[in-house]
Amino acid sequence: MNARKPSAALRDPAWLRWSLLALALGFVALFLVLPLVAVFGYAFEKGVAVYLASLTDPDARAAIRLTLLVTAIAVPANTVFGIAAAWLVTRFQFRGRGLLLSLIDLPFAVSPVIAGLIFVLLFGAQGWLGPWLAAHDVKIIFAVPGIVLATTFVTFPFVARELIPLMQAQGSEQEQAALTLGAGGWAMFWRVLLPKIGWGLAYGVILCNARAIGEFGAVSVVSGHIRGLTNTMPLHVEILYNEYHRTAAFAVASLLALIALATLALKQLIGWRLRKPPQRDAAA
């Protein structure tokens, strides 16, 4: 039996639907597609050889290596923190739970530049811990540790904020049953909890990874912009552009754009997997 069509009074007029569609497509083309086309157009305007030379330049290679290193440290750290925080918030009731949730959201509310300045205030030469660090020959600001700390700070909510609502919606009945049957804590985590949150965890990790690679504000404050040493890919793009090396700047920017497009594709795939209803066995 065919489903009943909505009455004419409840249907939007055709001109309104087409107008909204044209407005949405125009907005996407102007603010998303056109900038991406421009990035790749400027990156290849002098040919493939110049493009590849820009990416294999020693300073560019150093920026790429540093970006990957920082991401390889910050993302796993935030993954462990996100799982622990989500488990704590969704499985236990304790005083300060609301405060913990607010602290998790703090990097969303604080400007990345302010976050970088906080680390300078703590670990800089004139900061609270600066004299002690200098006396023990430990360098954090204008060095890799400061970049790692700043990147970790601005990215740590992503995994936790993906897992908390997911784990709240799923409940804890299966975990309690596993514990009742004698499963230990690690066995329950690996065999019961992790399979349930796997796709949500992957979603949060991908978002965290994308933000870590593209972070600019906080890293710019703590890095010192030392060419070949503390410049990540976004900082390297800024320096090249300010020095009027437009092709090289857009070549590195195109690499960041490719990472962003790959992240978007994975995000859509995992989002589709999370929205897909679980399959039920057919009745005998």
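## A greasy stretch on helix 1

Let's start with Leu32, which sits in helix 1, the element covering residues 14-43. Leu32 is also one of the residues in a nonpolar patch on the surface. Its partners there are Phe27, Val28, Leu30, Phe31, Val33, Leu34 and Val37. Taken together, the patch has about 760 Å² of accessible area.

## How far to trust the model

Keep in mind that this is a predicted model. Mean pLDDT for the chain comes out at 85, with 89% of the residues at 70 or more.

Confidence varies from element to element. Helix 8 (residues 144-155) has the highest mean pLDDT, at 95, while helix 10 (residues 173-180) has the lowest, at 73. Then there are residues 280-284, where pLDDT stays under 50. For that stretch the model has 0 contacts beyond four places in sequence.

## A hollow inside

How many cavities of 30 Å³ or more does the structure hold? Just 1, and the space in the largest cavity is about 60 Å³.

Quite a few residues line this cavity: Thr67, Val70, Thr71, Ile147, Thr151, Ala212, Ile213, Glu215, Val219, Thr232 and Pro234. Helix 3 (58-91), helix 8 and helix 11 (185-214) are the elements that give two or more residues to that lining. Helix 3 provides the largest share, with 3 residues.

## Charged pairs

Side chains of opposite charge can pair when their charged atoms come close. Searching the whole structure turns up 5 salt bridges. One of them joins Glu45 and Arg246, whose closest N and O atoms are 3.0 Å apart.

Why does this pair tie together parts that are 201 residues apart in sequence? Because Glu45 lies in the loop between helix 1 and helix 2 (48-56), whereas Arg246 belongs to helix 14 (residues 246-275).

Terms used: Residues numbered from 1 in each chain as written. Predicted model: local features only at pLDDT ≥ 70, side-chain atom pairs only at ≥ 80, totals over all residues. Heavy atoms only, no water. pLDDT = per-residue confidence, 0-100. Helix = DSSP H or I, 4+ residues; strand = E, 2+ residues; numbered from the N terminus. Contact = heavy atoms within 4.5 Å. Patch = residues over 30% accessible without salt bridge, like charges linked within 9 Å, V, L, I, M, F, W, Y side chains within 5 Å. Areas by Shrake-Rupley, 256 points an atom, 1.4 Å probe, with all protein chains shown as cover. Salt bridge = Lys/Arg side-chain N within 4 Å of Asp/Glu carboxyl O. 1 Å grid on protein atoms, 1.4 Å probe; cavity = no way out; pocket = protein on both sides within 12 Å on 5 of 7 lines; lining within 4 Å. Points joined across faces, edges and corners; volume = space filled by probe spheres on them.
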